[in-house]
Amino acid sequence: MAEKNPPKPQEKPQERRGGWLSRFAPGVRKIVSRRDTPDNLWVKDPDSGEMLYRPDLEASLWVTPSGRHMRIDAPTRLRATFDDGAWETIDTPDVPEDPLKFSDGKPYKDRLAAARKASGRKDAMAIGFGELDGTPAVVIVQDFTFMGGSLGMAAGEAFIAAARAAIERGVPLVCFTAAGGARMQEGALSRMQMARTTQAIQELKAAQLPFVVVLTDPTTGGVTASYAMLGDVHLAEPGALIGFAGPRVIEATIREKLPPGFQRAEYLQEKGMVDKVVPRAELPETLGRILSMLMGGKRRAA
């Protein structure tokens with residue numbers, strides 16, 4: 001007769017999972033355990049979709065293997081431009097903030113505060129003095145990361161300060177442009193900077209000092225309609241969008257399809273609007289050579 005409650009077989013102790021690494025001491029496991037990958041270690045190529053290793057991209061001055069010249073901020077631009085990455089910072093003037101008490105759903109003061117926190121800058125312009133391939137020059141850089149590099153009172157005052165610093169030192173002025181246009185939150189005050197920066201260029205011409213413009217992606221709107229097109233020499237980075245209104249606006253206005261590459265640096269060089277398209281890595285040497293030639297004869301600006 002079978003027993004009513006037969007004894008249960010003895011259960012084996014459950015093995016601890018985790019593979020061979022679990023057999024090591026906790027301290028050792030901690031040393032060789034997987035670490036979290038930083039969020040910004042890889043950057044997506046906007047053309048090919050390929051993931052690019054950020055340190056490699058930084059070493060190539062943010063030029064992708066496909067040749068795309070990605071946008072860079074002002075400190076990166078200044079380091080890449082001046083000899084040995086060394087320059088003297090020239091302070092940009094302070095201007096009244098939010099003179100129109102403007103709000104487009106968010107107060108302009110709040111937008112400025114957010115842009116300053118994100119970029120670590122006062123506004124869109126940065127100025128430096130140093131040498132470009134051995135030639136002293138003042139360089140002003142428009143930073144697209146600050147509210148799209150928009151031209152406002154602060155940017156206008158910075159440009160004037162850069163021009164006067166060049167005159168005071170007796171050296172050329174180089175301007176790297178990058179902007180979506182004038183800053184709408186400052187209304188007519190931002191448009192006035194087009195005339196004021198043009199006057200500053202006239203002061204450079206009167207001092208017989210060269211003004212060289214490097215057009216980067218994108219250069220549009222009121223910036224293109226003023227100082228971006230008033231240089232003695234116009235260089236551009238490959239693939240840079242350069243124009244007043246954007247291509248979609250133009251197509252919608254004229255109701256015609258624009259030619260391939262319209263408003264890109266290479267197309268504009270073909271049409272005579274840009275003197276030379278220069279890869280980013282070659283810009284310091286090219287600028288140094290041009291400035292040296294212009295300054296050697298103390299050439300009067302055209």
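Which residues have the most contacts inside the largest nonpolar core? The legends below start there and then visit other corners of this predicted model.

**Figure 1. The largest nonpolar core has 36 residues.**
Val 138, Ile 140, Phe 159, Leu 173, Phe 211, Tyr 227 and Ile 242 are the residues with the most contacts inside this core. Several elements give two or more residues to it: β4 (125-132), β5 (135-142), α5 (153-169), β6 (173-179), α6 (187-206), β7 (211-219) and α9 (265-270). Helix α5 supplies the largest share, eight residues. Apart from this core lies another one, of 20 residues, which includes Ala 137, Val 139, Val 278 and Leu 283. As background, nonpolar side chains in soluble globular proteins tend to be buried together.

**Figure 2. A close-up of Val 138 and its contacts.**
Setting aside the neighbours within four places in sequence, look for Ile 90, Ile 127, Gly 128 and Phe 129 among the residues in contact with Val 138. Ala 162, Ala 165, Ala 166 and Arg 169 are also in contact with Val 138, and so are Val 171, Pro 172, Leu 173 and Val 174.

**Figure 3. An aromatic cluster brings together Phe 159, Phe 211 and Tyr 227.**
These three residues are also listed among those with the most contacts inside the largest nonpolar core. The ring centres of Phe 159 and Phe 211 are 5.8 Å apart and the ring planes stand at 90 degrees, so this pair is edge-to-face. Phe 159 belongs to helix α5 and Phe 211 to strand β7, so the pair links distant parts of the chain, 52 residues apart. Are these two residues buried or exposed? Both Phe 159 and Phe 211 are buried.

**Figure 4. Trp 42 and Tyr 53 form a tilted aromatic pair.**
A search of the whole structure finds five aromatic pairs. In the pair shown here, the ring centres are 5.3 Å apart and the planes lie at 50 degrees, so the pair counts as tilted. Trp 42 sits in strand β1 (residues 42-44) and Tyr 53 in strand β2 (residues 51-53), so parts 11 residues apart in sequence are tied together. Trp 42 is partly exposed, with a relative accessible area of 42%, and Tyr 53 is partly exposed at 35%.

**Figure 5. Strand β8 pairs with β7 and with β9.**
β7 and β8 run parallel and are joined by four bridges. The pairing of β8 with strand β9 (residues 276-277) is also parallel, over two bridges. Leu 235 is a good residue to find here: Leu 235 is the bridge partner of Val 214 and also stands opposite Lys 276 in β9. Along β8 (residues 233-236), Val 233 and Leu 235 point one way, while His 234 and Ala 236 point the other way. All four of these residues are buried.

**Figure 6. A buried salt bridge joins Arg 280 and Glu 237.**
The two side chains meet at 2.8 Å, N to O. Arg 280 lies in the loop between β9 and α10 (283-296) and Glu 237 in the loop between β8 and α8 (247-254), so the salt bridge ties together parts that are 43 residues apart in sequence. In general, side chains of opposite charge can pair when their charged atoms come close.

**Figure 7. Other salt bridges in the model, including Asp 104 with Arg 111.**
How many salt bridges does the structure hold? There are 16. Asp 104 and Arg 111 meet at 3.0 Å, N to O; Asp 104 is partly exposed at 32% relative accessibility, and Arg 111 is partly exposed at 29%. Lys 257 and Glu 251 form another salt bridge, with their closest N and O atoms 3.8 Å apart. Lys 257 is exposed at 73% relative accessibility, whereas Glu 251 is partly exposed at 23%. Arg 71, Asp 217 and Arg 264 form one network through salt bridges that share partners.

**Figure 8. Helix α6 holds Thr 197 and Ala 188.**
Thr 197 is buried, with a relative accessible area of 0%, but Ala 188 is exposed at 57%. The side chain of Thr 197 reaches the backbone oxygen of Gln 193 at 2.7 Å. Leaving aside neighbours within four places in sequence, Thr 197 is in contact with Gly 156, Phe 159, Ser 226 and Tyr 227. The C-alpha atoms of Ala 188 and Gly 152 are 9.6 Å apart, with 36 residues separating the two along the chain.

Technical notes. Residues are numbered from 1 along each chain as its sequence is written. This is a predicted model: local features need pLDDT of at least 70, side-chain atom pairs count only at pLDDT 80 or more; totals for chains, interfaces and linings use all residues. Side-chain values use heavy atoms; hydrogens and water are left out. A nonpolar core is a set of buried Ala, Val, Leu, Ile, Met, Phe, Trp, Tyr and Cys residues joined through side-chain atoms within 4.5 Å. Buried means under 20% relative accessible area, exposed over 50%, partly exposed in between (1.4 Å probe, protein chains only). Contact means heavy atoms within 4.5 Å. Two strands pair if DSSP finds at least two bridges between them. A salt bridge is a side-chain nitrogen of Lys or Arg within 4 Å of a carboxyl oxygen of Asp or Glu. A polar contact is a pair of N or O atoms within 3.5 Å; within protein, one must be able to donate a hydrogen and the other to accept it, and residues adjacent in sequence count only if both atoms are side-chain atoms. Rings of Phe, Tyr and Trp (its six-membered ring) pair if their centres lie within 6.5 Å; planes under 30 degrees apart count as stacked, over 60 as edge-to-face and the rest as tilted.
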